[in-house]
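The following exercises concern the sheets, a helix and the enclosed spaces of one protein. Each task is followed by a solution in steps.

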Amino acid sequence: MNGTVSIIDARQLETANPHLKDPVDYRKSGLSLNHIVGCPLDCSYCVRHLFGNFDQRVPQALMSDEDAFEQFVSHRYFQPHVTPIQLFNRATDPMLPEVRSHTHNILRLLDEAGLTNHVLVITRWKVSEEDCDKFNALKHIKLTVLVTYSGIDNPKIEPINSSIAEKSLKVLFRNAKSYRALLYWRPIIPGVNDTAEHVARAASLAAHAHATVFSGLFYREEIAAFFKAEGIREPYLGTARRKLLPLDDEQRILRLFRQSNRDAPIFHKTSCGVAYTHQQPDYNGHFGIAELCALCPASQVSLCKGAWRKPDEALLKQMCLSLGATTEPEVNERAIVVRGLDEQRRYFLQHTFGYQVHDAEKPHYYARHGRAEAERSC
């Protein structure tokens, strides 16, 4: 049964994690709107562990959809027709029965505003043909629905059966007209869901998607502590700031994937997959990280190459200093390198120029972009 969520009361709001009180913040693939908080799905690796609200299982709203929309489009980092947008990807699932009407309402508000931005809706829950009809009715935004699928069959790690995501992806793909459906194959965890059988199953499912994006486990200290408390075998001996997937595992998985499905487009990065499905150049400027392009279809490489160019250095310098950079930016063939700017401001620059922006204090190494290395626990 579908419904709506209640507005959180002032007393509850006072005790909420400060990071959850602001419904708008930047995440790598877009400026994210999260005015609904709470999820009952209990995936052990959920990012909600980082915000201290994993036990909040009943979704509640910080404000009305209309107020959230106005706050979003007036945000200092939002650029009409430029900024990629994400909905409800930090603290709930956008297709939960209580949340889906809010998801459709926000999509409608964005579309009626005439915005042509990329919009990403990420779900692992049930999508109906009625949902697809509403997605197809949108005329302006470039909508991509990304279905999170892992194939994990350990209920301690993932209580929700992956068959739900499989069915949702097939429904989405079968009915897609104006939107795109993407298989979000994650998290891949060595020793859990990386056997030849797991990979073959994912490769078969990729035939029901416009593209596939894969990634490893986001394994932070809070998530590792939960694994330990729940008696879940720790997959790695340490945690990391970036997602974990050892290079030898990645190469083996890709080889097995290609053996099962030679033609399905598969990407390392979310924005690469999203851009490909809409026949657009990558809005995150990953073309500068050449090793990432090895997986991409030749047509997409050509498209990104044609759009990729170094930023105007005078404008870049002015913007960096106005945002609070502590030194002048450096521009190389791979990225803009800055000091003194947090992720929010770096992503704003990245989407403004379509060029990677890196923190000088957190260097990106060759073949390690967005992927950390760590020793497996066994």
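**Exercise 1. Trace the eight-stranded sheet, starting from Leu87 and the residue that stands opposite it in E6.**

Step 1. Leu87 stands opposite Val121 in E6. The model is predicted, so local features need pLDDT of at least 70 and side-chain atom pairs count only at pLDDT 80 or more, whereas totals for chains, interfaces and linings use all residues. Residues are numbered from 1 along each chain as its sequence is written, and side-chain values use heavy atoms, with hydrogens and water left out.

Step 2. Strand E5 (residues 85-87) runs parallel to E6, and three bridges join the two. Helices (H or I, at least four residues) and strands (E, at least two) are DSSP runs numbered from the N terminus; two strands pair if DSSP finds at least two bridges between them.

Step 3. On the other pairing of E5, three bridges join E2 to E5, again in parallel. Here Leu33 stands opposite Leu87.

Step 4. E2 (residues 30-33) pairs with E1 in the antiparallel sense over four bridges, and Asp25 has Ser32 as its bridge partner. E1 and E2 form a hairpin with two residues between them.

Step 5. At E9 (residues 211-214), two bridges lead to E11 in parallel, with Val213 opposite Phe267.

Step 6. The result is an open sheet of eight strands with mixed pairing, in the order E1-E2-E5-E6-E7-E8-E9-E11. Its edge strands are E1 (24-27) and E11 (266-267), each of which pairs on one side only.

**Exercise 2. Determine how many of the residues of E6 are buried and which way they point.**

Step 1. Buried means under 20% relative accessible area, exposed over 50%, and partly exposed in between (1.4 Å probe, protein chains only). By this criterion six of the six residues of E6 (118-123) are buried.

Step 2. In a regular strand the side chains alternate between the two faces of the sheet.

Step 3. In E6, His118, Leu120 and Ile122 point one way, while Val119, Val121 and Thr123 point the other way; all are buried.

**Exercise 3. Describe the open sheet of three strands and identify the strands at its edges.**

Step 1. The order is E12-E13-E14, with mixed pairing. E12 (330-331) and E14 (357-359) stand at the edges with a single partner strand each, so one side of each has no neighbour in the sheet.

Step 2. E12 pairs with E13 (residues 336-338) in the antiparallel sense over two bridges. Within this pairing, Ile336 is the bridge partner of Val331.

**Exercise 4. Locate the buried side of helix H9 and place Arg258.**

Step 1. H9 (residues 247-260) has 14 residues and reaches 20 Å from its first C-alpha to its last, close to the 20 Å expected at 1.5 Å a residue. The expected span is 1.5 Å times one less than the number of residues.

Step 2. The buried residues of H9 are Asp249, Glu250, Ile253, Leu254, Leu256 and Phe257. They lie on the same side of H9, because they cover an arc of only 165° around the axis; the arc is that of the directions from the helix axis to the C-beta atoms.

Step 3. Arg258 also belongs to H9 and is partly exposed, with a relative accessible area of 28%. Arg258 and Ala200 are 58 residues apart in sequence and 9.1 Å apart in space, C-alpha to C-alpha.

**Exercise 5. Characterise the largest cavity and the second largest pocket by volume and lining.**

Step 1. On a 1 Å grid over the protein atoms alone, a cavity is a set of points where a 1.4 Å probe fits but cannot get out; a pocket is an open set with protein on both sides within 12 Å along at least five of seven lines; lining residues have an atom within 4 Å of a point. Grid points are joined across faces, edges and corners, and a volume is the space filled by probe spheres set on the points.

Step 2. There is one cavity of 30 Å³ or more. The largest cavity has a volume of about 70 Å³, and its lining includes Phe267, Asp282, His286 and Cys304. Helix H11 (residues 298-307) gives the most to this lining, with three residues.

Step 3. The second largest pocket has a volume of about 370 Å³. Of its 21 lining residues, Pro281, Asp282, Tyr283, Ala307 and Gly354 lie nearest its centre. The largest share of that lining, three residues, comes from H13.
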